[in-house]
Amino acid sequence: MSQLPTPDREQLRARYPDIFEPPAAARLATPVMALCAFGVFVFGLIDLDFSPTKLLSGLHQLGWITLMMIPPDPGSSLPLYLKALGETLSIALLGTTIAAIFALPVSLLAAKNIVPSNILRFPVRRFLDSIRGVDTLIWALVWINVVGLGPFAGVLAIAVSDFGAFGKLFSEAIEAADRKQVEGIRASGGSALHEIRFGLMPQVLPVIAGQVLYFIESNTRSATIIGIVGAGGIGLQLAEQIRVLEWQKVSFLILMILVAVAAIDWISGKLRFAIIGQRAVV
Amino acid sequence: MTTAVSILPSQQLALLNETYRKAVARKRLRLTFGAALFFAALVIAAIGAEVNLRTFFSYFGNFVSYFSRILTLESGAWVWTDVGEWFWGWHKWLKMLGETVLISYVGTLIGAVLAFALNFFAAENTSPAPWLRFIMRRLLEFARTVPGIVFALIFVIAFGLGPMAGVLAVAIHSTGALGKQFSEIVENADMKPVEGVRSTGASWISCMRFAVLPQVMAGYASYALLRFEINVREASVMGFVGAGGIGQELVVAIRKFYYSDVSAILVTIIVTVFIIDILTGWLRSRLFGKEART
C-alpha cells in the first residue's frame, strides 16, 4: 500500500514564497480595481440623473407600453411595411457590396506583407480608423445633406462606414496569409501583380467572402436604424410609429425586423458553410 | 543533381486532360451561375433602394465640398488656422463627451452583470434544464437583434428625455450581445473540473463558482472591455433620439448647418474613440497578456 508523502509546509513555503505570500501589490490589485470600477459606476449613476422614483415610474410606463403592444397589428399599412423591409434589405446588400469592392484595393495598401514601408501604410491605416470611429448614423446624416433624404443616402452611409471596417479586416486576412505560395509564384518568374493574383487571392478570398456575408447580416441590423434619421428603410416607419405612439404597429415592425434578421442569418450561415467549408466556420 | 520527370503516354495524358478540363469547367459554371445570381440580386436591390447614379454623380461634388465646408470657419479661413475659434465650445463638448463615455460605461457594466447572471442558463453544458436554456436564448437574441437605438426611442418615451434612457438601452443591448459571447466561452470550458466538484456533492451554484468561473473569467473581462469600446461609439449617437450624450450637439450642428462645429465635434468623437481603443487594448494585454502568451 502506497502512502502519499507528507508535504513539509515550511520547506514548501521557503521554496515558493510567491505562492504562499504574494506581494501586497498583487493581493490588493483586484479588490482595488473592483472598488474603482464600482466607484465610477456609482458616480455615473448620480451624474446621469438616476433616481429610484424615476426608474419605478419609467418601468410602470414601460409595462403599459408592453401591454399596449399586444397583439401586434399592422393595421392597413402592411404593403407599405413590406416595401420598407425590402428597401432595408436592399440597402444592406448594396452598401456591403460597394464597401467590399472599394475596400479590397485599399486593404492591400494597409497590409504589412504587401506594403512594407511604414510611411505609406500608416496614413492608410489611420484613415481607415477614423472612418470607423464615426458611427453609421452620423454618416447617414452627412449623406442626407449631400444626396437628399431617401434610401440612397442609406446605401452610401453603410458603404462608407463598412469601407473602414472591411479595410482593416481584409488587411488582417492578407497579413495572415501564407508566404510560401507567394514565394513560389516569384520563384517561377511572376511579377508583383501575379504574386497578389495567384499567390495571395486564392488564400484570402474565402476568408473575405465569409466576412462580407457576416457583414451583410449585421448590416441588415444597421440598415433598420438609419431610417430613424431619414435615410430610408423600415427604421423610418418604426421611428414614426413610436413617435405617434401606435404601439401595436411598433411591435409588428419589431417582429418583422426580427424575422428578417433571422432569415438573413440563416441564409448567410448556409452560404458561409458552402464557401469556406465547415472546418473554418467552427 | 538531375531529376527525371516521367512523361505519360499521350493516350493516358489525353484522358487525364479531359477529366481535368471537365472538373474545371464544372467549377467555372457554378461560379458563373453564382455570380449571375448575385448580380441579379444587386440589380433588384439597386431598384429597391432607389439608386440613382445620375444624382450621385451630379451631387458627388457636394460630398467633397461638404467636407471643405465643414473644415472652413465662418470667416472663410481653414479651421486649423484658428484652433481656438474652431473648438470654441470645447468646454461644453468635453462635458457631453464625458457623459457619453459614462453612459457607455454604466450601460456596459449593467449589461455585463446581467449577462453574467444569465449566461450559465443559456450555455449548453451548464444549463440546468433544456426549456430554461431555450427561453434564455430567445430572450438574449431579442435583446441583441433589436438595435440599441430602437430601445432608446422607446425608453425616451417611458423614462423621459435624458441619459437614463440611453444607459438602459445600451445595457439591454449589451446584455444580449455579451450573454451570447459569455455562454459561448462557457461552452468551450473544460467540463472535468465540474465533474470533480460535483463528485464532492456540491450544488449547481458551487459547481459554477468553483469549476467554471475560474476558467472563463479572463474571457469575460476581455469581451466586456471590447463591448465597452463598441458602446462608446453607439452612445455617441444616442443623443440623436434624445437619450443623452454628444449626439444631441452633433445632430443640432448637422441639421442647422453649423459647419465648423460638425467637424470639431466629429474630431473630438474620433479622438475619444481612439483613446478608448488604445486604453482598452492596453488594459487587455496588461490583464490577460500572461494567459495569452502561454
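The radius of gyration used here is taken over C-alpha atoms, and the globule rule it is held against is 2.2 Å times the number of residues to the power 0.38. For a compact globule of 294 residues that rule gives a value near 19 Å, yet chain B comes out at 28 Å. All of this refers to a predicted model, scored at ipTM 0.76 and pTM 0.79. Within chain B the mean pLDDT is 84, and 97% of the residues reach at least 70.

The box that holds the C-alpha atoms of chain B tells a similar story: along the principal axes, it runs to roughly 85 × 70 × 50 Å. The domain assignment splits chain B into domain 1, covering 11-62, and domain 2, covering 84-293. Between the C-alpha centres of these two domains of chain B there are 39 Å. Chain A is cut up in a like manner, with domain 1 at 11-62 and domain 2 at 80-281, and there the domain centres, again over C-alpha atoms, are separated by 38 Å.

As for secondary structure, chain B is simple to describe: 11 helices and zero strands. Read from the N terminus, the order of elements is just α-α-α-α-α-α-α-α-α-α-α. Of the 294 residues in chain B, 37% count as buried. Take the contacts in chain B between residues at least 6 apart in sequence, and 71% of them join residues at least 24 apart.

Two of the helices make a handy pair to look at. Helix α1(B) has 39 residues, which at 1.5 Å a residue should span 57 Å; the end C-alpha atoms sit 56 Å apart, so the expected and modelled spans agree. There is hardly any cover on α1(B), with two buried residues among its 39. Just past the end of α1(B), E50(B) adopts a positive phi of about 55°. Helix α7(B) passes the length check as well: its 26 residues should span 38 Å at 1.5 Å a residue, and the end C-alpha atoms are 37 Å apart, which agrees. Cover is another matter, since α7(B) is mostly buried, with 21 of its 26 residues in that class.

Next, helix α5 of chain B, residues 130-145, which is where F142(B) is found. This phenylalanine has 13 C-beta neighbours inside 10 Å and therefore counts as partly exposed, the buried class starting at 20 and the exposed class ending at 12. Back along the chain by 17 residues is N125(B), whose C-alpha atom is 22 Å from that of F142(B).

Finally, the two chains meet through 47 residues of chain B and 48 residues of chain A. On the chain B side, the elements that supply two or more residues are α1 (10-48), α2 (53-70), α4 (90-122), α6 (148-159), α7 (163-188), α9 (204-238), α10 (247-255) and α11 (259-293). Among these, α6(B) gives the most, at seven residues. Sorted by class, the side of chain B that touches chain A holds 38 nonpolar, seven polar and two charged residues.

How values were computed:
Residues are numbered from 1 along each chain as its sequence is written. Chains are lettered from A and ligands numbered from 1 in the order in which they are written. This is a predicted model: local features need pLDDT of at least 70, side-chain atom pairs count only at pLDDT 80 or more; totals for chains, interfaces and linings use all residues. Helices (H or I, at least four residues) and strands (E, at least two) are DSSP runs, numbered from the N terminus. Domain bounds come from an automatic or database domain assignment. Two residues are in contact if their C-beta atoms, placed from the backbone, lie within 7 Å. Ala, Val, Leu, Ile, Met, Phe, Trp, Tyr, Cys and Pro count as nonpolar, Asp, Glu, Lys and Arg as charged, and the others, Gly among them, as polar. The expected span of a helix is 1.5 Å times one less than its number of residues. pLDDT is the predictor's confidence in each residue, from 0 to 100.
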